Amino acid sequence: MATPDPDPARGSGPDAHGPLRVAVVGGGPGGLYAAALLKRLDPAREVTVWERNAPDDTFGFGVVLSDETLGGIEHADPVVHAALQQHFVRWDDIDIVHRGERQTSGGHGFAALGRRRLLEILHRRCQDLGVDLRFRSEAADPDRLAATHDLVVAADGVHSTIRDTYSSVFRPHVAAHRCRYIWLAADFAFDAFRFEIAETEHGVMQLHGYPYAADASTVIVEMREEVWRAAGFDEAGERESVARCAKIFADALGGRPLKSNKSAWTTFRTVVNARWSHRNVVLLGDAAHTAHFSIGSGTKLAVEDALALAACLAEQPDLARALSAYEEERRPVVASTQRAARASLEWFENLGLYLDQPPRQFAFNLLTRSRRVTHDNLRLRDAGFTGAVERDYGCPPGTPPMFTPFRLRGLTLRNRIVVSPMDMYSATDGVPGDLHLVHLGARALGGAGLLMTEMVCVSPEGRITPGCTGLYTGRQAEAWKRIVRFAHERAPGTAVGVQLGHSGRKGSTKLMWEGMDEPLDEGNWPLVAASPIPYTPRSQTPRALTRSQLTDIREQFTAAAWRAARAGFDLLELHCAHGYLLSGFLSPLTNRRTDAYGGTLERRLRFPLEVFDAVRAVWPEERPMTVRISATDWAEGGTTAEDAVDIARAFTAHGADAIDVSTGQVVAGERPEFGRSYQTPYADRIRHATGRPVIAVGAISSWDDVNSLLLAGRTDLCALARPHLYDPNWTLHAAAEQGYDGPGAVWPMPYRAGSRRPQTGRTDAPKPRLSLGG
């Protein structure tokens, strides 16, 4: 018997058989828009919205939406889009006022309207479509809602009751942060998105302001918790807080007052959930995720959630697959936004670090704080502003920041690119061979300013694997000399650095591709460390070093440094990161000693500093030394960002010329927060706290990122590993793609013919103009 076709008005997705009864809990923009879309897609649906507040109750004042979000709204519901268009105010500029100077950057493109107006538009649309709006109403118990409806949309905000009811399934993580803020408004329109910094006797405070109507602006005042308390805001009521904020930022406000709407000082909370749906219950908007207001994302994300949820319900054959597709589509977008928001939030938390930057660099730093706005797209938006920042930085005409020279002691690097140390695990008896010559030689020819070796071990017992290189024999030194000579002769201007280290408790393991951190099946050698703690449960337990063994290892480092100098290396880096021997002394998770080399950070630093001093004494005075550290262990109880600053200060006080700032790999149970340029905030913090040069590493993958980090003053050099594995000529290609041909990127003469991007296939074919039906 033939199966009848579904009702064509209902489509062939899940709407053909459900969900027909939909409960939306929460009458904010996300919940209302989800309700409107679901009803519009299937008028037969029974859609009910429960909102505990009155229709005209709202918190906050203005809402900013991106062109991307508006495009999605226009495509999904032209009626809502047309209504929004009537009320938007638009502007292009961002003003940054610091120490009496205003810097303006244009070309950004914002659209905003009042939150109350947005709700009115969505209320009207829901009512026109037949959505049942129940104001001043508490929704039923979540279990009952789920039992009586086909779909329950939890749009009930950051304090979601539904999320809490099913917390064992959603597994939410809510993190509070260091700043207090209050949401206010002014009865006039700023002519730009305005950031203003106030340095008060209690500490630094900042204003975020933007227009949302022809005669109104949102004003957010924010400061760190300790500043908020020192200023007495913890004891001030709403009226007093509003008046004091208006006085502090009188210049920005033109002496006008501020107004509130049940405004209270609060701490931003970042919400992350392990899952977004449970049976027929799904999270949306702030119930599922939050992102700091400094990138204007809350309403935007909620509206985009609603669009995606409605689309997935229409596209997928059943509810389970629809909710899975919704989460699969939205989770990466939200995670990316949350990373950007976290970077922006932390920038404002640490605003005091940047106060002494030159005005334009400070403004550039603020504009690029989230890493979503970069040097290249800021130049497209406002070439005049970006060009002025480049001139202040010292870029010669036509020279990108990455191709400006940098000096460390007697060494001048022709550009700011470092080929990061990359273990090849391909040596025999510690001797680098032809693969090392080809690997390092190719990257020397590729144009980087500084080429670093892999970690070169100071003793046979200090190797990570049997394939690691060393500098504990004359034969090894001669092999390294051959590689350094090739780089200097064939790629003049390329500096070559050696990284010296000892594996500590992470040694005697298999080659990476045979089983990273797995102990050797045979041929093991005994391990030593600060304390007898194995790296993993499968690892060999190291012996705690005695005083005499510490002396022996210190002498192994100095002997290796002496050989490195004779081999012709231009720079020496002491490896105190990633859980190897010296790093193991620094971290409280791996150093449990009770003698003079354990306990406080000062005592944990003692042996690494002794090694540094001994190496510096034999390393030629005119050649620089750097130190690589793990600025966080990514584990509870481990090295903190504050510890990292103190560690960096200690090494620079002993003569380190720069700190190479990495993170993690100290304990096996670490939980890194990966993402684009995810380690650079640690370098940034150390640079501004110590005033000394730093090298930033960690998922820096584009020349645009490099230029942005340098121009913002967050680092002095950028080290890249994987991009140089993908493309040995990464630096030269970066120069070609930016149209740069100068002393910062010199093509070797045999390669000169390849200095222009190769032509591709034809791209000027006429575009189709008509689509004719048959």
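This is a short talk on the aromatic rings in this structure and on the confidence of the model.

The model is predicted, so confidence comes first. Mean pLDDT for the protein is 93, and 95% of the residues reach 70 or more. Two stretches have a pLDDT below 50. One is residues 1-17, which nevertheless has 26 contacts in the model beyond near neighbours in sequence. The other is residues 769-774, with zero contacts of that kind. I will say nothing further about either stretch.

Now the rings. How many aromatic pairs does the structure hold? The count is 27. One of them is Trp347 with Tyr354, a stacked pair with 4.9 Å from centre to centre and 10° between the planes. Are these two residues buried or exposed? Trp347 has a relative accessibility of 3%, so Trp347 counts as buried. Tyr354 is buried because its relative accessible area is 4%. The cut-off for buried is under 20%.

That pair does not stand alone: Trp347 and Tyr354 belong to a cluster linked by ring pairs. Its other members are Trp91, Phe110, Phe193, Phe195, Tyr210, Phe348 and Phe362. On your screen, start at Trp347 and look for the other rings of the cluster from there.

Last, charges over rings. There are two cases to show. Arg244 lies over the face of Phe233, and the distance to the ring centre is 4.5 Å. For Trp525, the residue above the ring is Arg463, whose charged end sits 4.6 Å from the centre.

To close, the item to look at is the stacked pair of Trp347 and Tyr354, with both Trp347 and Tyr354 buried.

Terms used: Residues are numbered from 1 along each chain as its sequence is written. This is a predicted model: local features need pLDDT of at least 70, side-chain atom pairs count only at pLDDT 80 or more; totals for chains, interfaces and linings use all residues. Side-chain values use heavy atoms; hydrogens and water are left out. Rings of Phe, Tyr and Trp (its six-membered ring) pair if their centres lie within 6.5 Å; planes under 30 degrees apart count as stacked, over 60 as edge-to-face and the rest as tilted. Buried means under 20% relative accessible area, exposed over 50%, partly exposed in between (1.4 Å probe, protein chains only). A charge sits over a ring if NZ of Lys or CZ of Arg is within 6 Å of the ring centre and within 35 degrees of the ring normal. pLDDT is the predictor's confidence in each residue, from 0 to 100. Contact means heavy atoms within 4.5 Å.
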